Amino acid sequence: MGYKLLKNIEMLATMDDEGREIANASILITDNVITAVGTTTEIVKYIHDNYIQVDEEIDLTHHVVLPGLVNTHHHMFQSLTRAVPKGQNAELFGWLQTLYPIWRNLKPRMIYNSTLTAMAELILSGCTTTSDHLYLYPNGSRLDDSIEASHAIGMRFHACRGSMTVGESKGGLPPDNLVETEDAVLKDSVRLIEQFHNANRHAMTRVALAPCSPFSVSQELMKQTALLAREYHVCMHTHLAESDNDVAYSIANFGMTPAEYAESLGWVGQDVWHAHCVKLDNHGIDLFSRTKTGVAHCPCSNMRLASGIAPIKKMLNAHVPVGLGVDGSASNDCGNLLGEARQAMLLGRVIDEPDALTAREVLRMATRGGADVLDRDDIGIIQAGMSADIIAFRTDTLAMAGGAIHDPVASLVFCTPSNVDLSIINGKVVVKDGHLMTLSLTDIIKNHNQSVVALMN
């Protein structure tokens, strides 16, 4: 059993039920779990009274500390197609149709390299837990390639087994050479759950089932996936009500709004979360509230593709579980989760009041909100018994100058988003002094760029 002490924290935002923020705080970690939280004086006394021998001390003077951020929606392979010229000014459907032919050439090592790039970017922005929605598998690619990358870099990972089964010849959006058969999808879903899913608290790897969208999979696959997921007690994820075209497709093909369609297939409940929901209507918000169905809010992607502004304040007021997602790095072109929190706060104010979304509300969405969406009770809060996923930002930087004196917590989103100085995931130091410790960032970038060239050629 090893003990790690984080001491002299300038300001600790716990994100607990009381919203406690503790000045001159300390955190005691035992292996991969938080043991005690309080002022430095209280924790020193706790260590003394319990005869604890601390193995490692980390001084966090001039740091603001909070739980690791949680990313609830991503397509990491898309980091290979950032800023592709033909897709720069397209809406969702046109953007997808531009990129599908490029993605057809993806190979397993490209999936691995792009996942490392996306995860490195997320980790340095403060993210400690992420999901990834991989929904195409050309040329022998597998979800295993993403999971392998998560193990290598040391990130807590919800791997989503996405799928597309309805190609253009059947009225779907993707080309026929990118879709799979339903039997193949369900068979591989079982394999992945049995091989990789860990349902225990503090698990580093979980598997979710994630047919891509209403315009790329059949109703039958959606129904069968829901049955399979509930048989194995894993979560479900998909895109929903992302744009006007998305809504029009649902009404034209199913005679239902996206929310009605989801309900008809059994795709509501605490074990389900939907990405975007930009066009979720009042009926849908009420449905998600009653069923505790989660939403992954992706403001940057929604703006980039001109999809609209999701009614997040309405959702929060209705107690819909809402987390943040950076979405794919070809529809956002950035994987900075702290930056996404800042954008969520600002965008929420565009259609509402100046206090529509506060800094602390979006930080809560980025931490315990994301944990709720992923149906986890062990992350997103700094308190005894929770996973030791902890991040620290320096307050003595140019970006935080002045702001950290007034309000170090709010300054994280009001001021220029900074990279973490320290990141601890599952009790292990993954970022120290602002540097990634588990892998060479230089090698990650080099290998990623080689994959980009190979893909485009």
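Visitor: Why is Cys 160 not bonded to Cys 235, the cysteine with the closest sulfur?
Guide: The sulfur of Cys 160 sits 8.9 Å from that of Cys 235, too far for a bond. A disulfide here is a pair of cysteine sulfur atoms within 2.5 Å.

Visitor: How many disulfides does the structure hold?
Guide: Zero. Cys 300 is in no disulfide either, since the nearest cysteine sulfur, in Cys 334, is 6.7 Å away. Bear in mind that this is a predicted model, where local features need pLDDT of at least 70, side-chain atom pairs count only at pLDDT 80 or more, and totals for chains, interfaces and linings use all residues. Residues are numbered from 1 along each chain as its sequence is written, and side-chain values use heavy atoms, leaving out hydrogens and water.

Visitor: Is Cys 160 buried or exposed?
Guide: Buried, at 0% relative accessibility. Buried means under 20% relative accessible area, exposed over 50%, and partly exposed in between (1.4 Å probe, protein chains only). Cys 300 counts as buried too, at 18%.

Visitor: Switching topic, where is the kink in α13 centred?
Guide: On Met 365, with a kink of about 40°. The bend at a residue is the angle between axes fitted to the seven residues ending there and the seven starting there. Helices (H or I, at least four residues) and strands (E, at least two) are DSSP runs, numbered from the N terminus.

Visitor: And how many of the α13 residues are buried?
Guide: 11 of its 15, so the helix is mostly covered. Met 365 is among them, along with Leu 363 and Arg 368.

Visitor: What follows α13?
Guide: Asp 375, with a positive phi near 60°.
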